[in-house]
Amino acid sequence: MDYRDVSFWMATSGDDLTPRPALPGDRDVDVAIVGAGYTGLWTAYYLAAADPSLRIAVLEKDIAGYGASGRNGGWCSSLFSLTPAGVARRHGQDGADALQRALEATVDEVGRVIGVEGIDCHWTKGGSVTLARTPAQLARARAAAGPGSGLQLLDAGEASARCGASGVLGGVWTPHCAVVQPARLVRGLARAVERRGVTIYERTPVTSLPPGAAVTPHGRVRADVVVRATEGYTAALPGGRRALVPLHSLMFVTEPLPASFWARAGLAGRETFTDFRHMVIYGQRTADDRLAFGGRGAPYRFGSTVPPAFDRDPRVLAAHRAALVDLFPTLPDDVRISHVWGGPMGIPADWHASVGRDGAFAWAGGYVGDGVGASNLAGRTLADLIRGESTDLTRLPWVGHRSPRWVPEPLRWLGITAGLGLIGRLDAAEARSGRTSRGAAILGRLLGE
């Protein structure tokens with residue numbers, strides 16, 4: 001496999017993607033981490049920093065960053081899988097406020113480590129703008145920017161000045177977001193943990209997780225604590241089929257765009273951008289002046305199977321391209337898409353990300369696509385939990401949360417497929433009428449808002 005084909009980010013990572021050696025046989029360690037993405041590597045990083053004597057092994061089926069960490073939209077944000085109001089309903093306002101403050105501080109913590117470790121990942125903290133382009137979206141913007149939200153409500157002129165999309169009526173802005181080249185970040189982080197004495201075994205798939213061990217075709221790793229950090233690939237583990245559902249997000253990137261386009265499109269601070277439609281879209285201006293753009297909507301695969309790495313749904317990609325042209329009609333007619341890719345994200349049944357430890361087993365994930373920042377917070381929290389420390393992080397409300405298991409098939413496929421169809425119909429209805437659809441309340445309940 002040529003790992004440069006996984007995504008534009010991996011193709012331009014500037015890194016040697018030759019796999020590290022596989023596990024050479026049975027090993028005894030203090031901590032075994034399954035998955036060399038952001039969650040696993042951040043956990044290893046902070047554990048090794050806190051206690052250099054720990055023997056830490058990271059086991060990866062492919063190479064570091066092969067999954068979502070090398071394919072995502074490049075938003076290091078303070079977003080959580082649930083809305084702040086959803087967190088407050090479950091855990092109280094104080095808990096929601098504490099989690100939000102921790103997530104906001106996490107953005108700066110990621111930037112700090114990038115600087116300390118000298119990771120060249122095109123980090124720019126330009127904030128994030130969410131546009132309102134219909135009256136229904138404008139109503140959601142006003143509701144989102146309520147007291148204590150930390151969001152700045154923008155009028156049409158202010159929003160357009162940040163992101164010169166079409167039909168802008170207003171929006172919201174937050175400073176708590178940065179753009180990164182995500183593959184450069186995860187590959188640089190892998191080298192940073194190795195410098196701290198952590199061993200990464202690549203091409204080493206984990207086939208089962210009995211108590212106190214991770215079993216692979218190359219040998220068994222025995223550990224005091226085993227960390228599951230597999231996110232969208234969790235369903236492939238025994239017993240994980242109904243833990244996290246892999247839903248797929250698809251992306252593409254244009255060739256570099258001329259200065260005349262950017263003079264109208266804005267994003268001068270490399271703000272990330274989206275809007276208040278129900279079917280999530282996301283984009284960024286890359287360091288070399290491309291538009292990287294993606295969104296959800298790819299069909300769920302029966303049985304929570306993950307498609308091959310290079311499987312792209314042409315209908316969904318066509319819809320995303322149409323959405324980008326609708327946002328930026330001044331795109332050159334001959335603009336070329338240089339790379340197309342996709343990948344799975346982990347979705348818990350209650351849309352509630354979690355981190356925790358239960359004896360010899362620890363876990364983190366279920367970020368619902370917002371894991372670049374949250375995985376760092378998870379890694380720091382796991383490092384405290386594994387070392388038996390009681391800290392502000394270990395008292396956050398997502399710690400120890402247990403999501404219910406997804407229903408069995410075929411109910412799972414029927415429910416998720418119906419939910420995806422509802423989202424598409426709601427957006428279409430609001431685009432036609434400009435009014436909030438009656439189904440929006442139903443959708444909010446489905447998404448745990």
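1. In this note, contact means heavy atoms within 4.5 Å. The model is predicted. With that in mind, start with helix 2 and helix 4. Trp42, Tyr45 and Tyr46 in helix 2 meet four residues of helix 4: Glu109, Val110, Val113 and Glu117. Helix 2 covers residues 38–50, and helix 4 covers residues 93–117.

2. How do these two helices pack? The angle between helix 2 and helix 4 is about 70°, and their axes are 14 Å apart. That makes helix 2 roughly perpendicular to helix 4. The crossing of helix 2 over helix 4 is left-handed.

3. Glu109 deserves a look. This residue sits in helix 4. Is Glu109 buried or exposed? Its relative accessibility is 14%, so Glu109 counts as buried, the cut-off being under 20%. Beyond residues up to four places away in sequence, Glu109 touches Tyr46, Asn376 and Arg380. Tyr46 belongs to the helix 2 side of the contact described above.

4. Helix 4 also meets helix 3 (residues 84–91). Their axes come within 7 Å and cross at roughly 135°. The two helices are therefore oblique to each other. Here the crossing is right-handed. On the helix 3 side, the contact uses Pro84, Val87, Ala88 and His91. On the helix 4 side, it uses Gln93, Gly95, Ala96, Leu99 and Gln100.

5. Next, helix 10, residues 371–386. Of its 16 residues, 16 are buried, so helix 10 is largely enclosed by the rest of the structure. After helix 10 comes Gly388, with a positive phi near 70°. Recall that Glu109 touches Asn376 and Arg380.

6. Strand 17 (residues 361–365) is also largely enclosed by the rest of the structure, because 4 of its 5 residues are buried. Which strands pair with strand 17? Strand 10 (residues 219–228) runs parallel to strand 17, joined by 3 bridges. Within that pair, Val227 has Ala362 as its bridge partner. Strand 16 (residues 354–358) pairs with strand 17 in the antiparallel sense, over 5 bridges. There, Val355 stands opposite Ala364.

7. Strand 16 and strand 17 form a hairpin with 2 residues between the strands. Gly359 in this hairpin takes a positive phi near 65°. When checking side-chain directions in the strands, keep the usual rule in mind: in a regular strand, side chains alternate between the two faces of the sheet.

8. Now the nonpolar packing. The largest nonpolar core has 69 residues. Which of them touch the most other members? They are Ile56, Val227 and Trp398. Val227 is also the residue bridged to Ala362 in strand 17. Ile56 touches Val31, Ile33, Ala44, Leu47, Ala48, Val198 and Thr199, leaving out residues up to four places away in sequence. Apart from the largest core lies another, of 24 residues; Val168, Leu267, Phe273 and Ile281 are among them.

9. Last, His320. This histidine lies in helix 9, residues 314–327. His320 counts as buried because its relative accessibility is 5%, against a cut-off of under 20%. What does His320 contact, setting aside its neighbours within four places in sequence? The partners are Leu250, Phe252, Phe293, Gly294, Gly295 and Arg296.

Key. Residues are numbered from 1 along each chain as its sequence is written. This is a predicted model: local features need pLDDT of at least 70, side-chain atom pairs count only at pLDDT 80 or more; totals for chains, interfaces and linings use all residues. Side-chain values use heavy atoms; hydrogens and water are left out. Buried means under 20% relative accessible area, exposed over 50%, partly exposed in between (1.4 Å probe, protein chains only). Two strands pair if DSSP finds at least two bridges between them. A nonpolar core is a set of buried Ala, Val, Leu, Ile, Met, Phe, Trp, Tyr and Cys residues joined through side-chain atoms within 4.5 Å. Axes are lines fitted to C-alpha atoms, for helices over the stretch in contact, and angles run from 0 to 180 degrees between N-to-C directions. Angles under 35 degrees count as roughly parallel, over 145 as roughly antiparallel, 65 to 115 as roughly perpendicular and the rest as oblique. A crossing is left-handed if the near helix is turned anticlockwise from the far one by less than a right angle, and right-handed if clockwise.
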